[in-house]
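This report goes through one protein model, from its overall form to its cysteines and a few single residues.

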Amino acid sequence: GDDTAQITPAEFVNKMLEDKKDNINVILGTCTGVETEQGSERGSRKIVGVKYTPREEEGEEQMIPADAVIVSAGPWSCAAED
């Protein structure tokens, strides 16, 4: 209809980044895992960072400190638990 619109995911993300470019830092790379440490309860783990390999540089894995992580891999999100 006349009141609908379509946009590709890349267009949406690029527009959002453009709008907030002064407030965020974008790091492009491949996530290789999460870093955890012992949680406050016995047997629990707490996320302390995200491990990744940068897209621009070849080589060493790096870590971004984090106290929360959002997995947005669509239908593959459950596989991220492994």
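## Overall form

In this predicted model, the protein has a radius of gyration of 17 Å, whereas a compact globule of 82 residues would have one near 12 Å. Along the principal axes, the C-alpha atoms fill a box of roughly 55 × 30 × 25 Å. Of the 82 residues, 6% count as buried. The protein exposes about 7,600 Å², and 50% of that area is supplied by carbon and sulfur atoms.

The secondary structure comes to 1 helix and 3 strands. Read from the N terminus, the elements follow the order α-β-β-β. Among contacts between residues at least 6 apart in sequence, 13% join residues at least 24 apart.

The protein carries 8 positive and 17 negative charges, and the mean positions of these two sets are 6 Å apart.

## Cysteines

How many disulfides does a search of the whole structure find? The search finds 0. The sulfur of Cys31 has its closest cysteine sulfur in Cys78, at 16 Å, which is too far for a bond. A disulfide would require the two sulfur atoms to be within 2.5 Å. Cys78 is accordingly in no disulfide, the sulfur of Cys31 being the nearest cysteine sulfur to its own.

Are these cysteines buried or exposed? Cys31 is exposed, with a relative accessible area of 53%. Cys78 also counts as exposed, at 59% relative accessibility.

## Three residues in and after the strands

Gly29 is found in strand S1, which covers residues 29-38. Ile47 has its place in strand S2, residues 45-54. Ala66 is found in the segment after strand S3 (62-65). The table gives, for each of these residues, a partner with the separation along the chain and the C-alpha to C-alpha distance.

| Residue | Partner | Separation in sequence | C-alpha to C-alpha distance |
|---|---|---|---|
| Gly29 | Glu56 | 27 residues | 7.6 Å |
| Ile47 | Glu37 | 10 residues | 6.7 Å |
| Ala66 | Val50 | 16 residues | 6.7 Å |

Gly29 counts as partly exposed because its relative accessibility is 36%, and that class lies between the 20% limit for buried and the 50% limit for exposed. Leaving aside neighbours within four places in sequence, Gly29 is in contact with Thr53, Pro54 and Arg55.

Ile47 is likewise partly exposed, at 29% relative accessibility. Which residues does Ile47 contact, leaving aside its neighbours within four places in sequence? They are Glu35, Thr36, Ala66, Asp67 and Val69. Glu35 and Thr36 have numbers that fall within the range of strand S1, residues 29-38. Ala66, another of the contacts of Ile47, is in the segment after strand S3.

Ala66 counts as partly exposed, with a relative accessibility of 21%. The limit for buried is under 20%, so Ala66 at 21% does not count as buried. Again leaving aside neighbours within four places in sequence, Ala66 is in contact with Ile47, Val48 and Gly49. The numbers of these three residues fall within the range of strand S2, residues 45-54.

Terms used: Residues numbered from 1 in each chain as written. Predicted model: local features only at pLDDT ≥ 70, side-chain atom pairs only at ≥ 80, totals over all residues. Heavy atoms only, no water. Helix = DSSP H or I, 4+ residues; strand = E, 2+ residues; numbered from the N terminus. Rg over C-alpha atoms; globule rule 2.2 N^0.38 Å. Buried < 20%, exposed > 50% of the residue type's maximum accessible area, 1.4 Å probe, protein only. Contact = heavy atoms within 4.5 Å. Areas by Shrake-Rupley, 256 points an atom, 1.4 Å probe, with all protein chains shown as cover. Lys, Arg positive; Asp, Glu negative; His and termini not counted. Charge placed at Lys NZ, Arg CZ, Asp CG, Glu CD.
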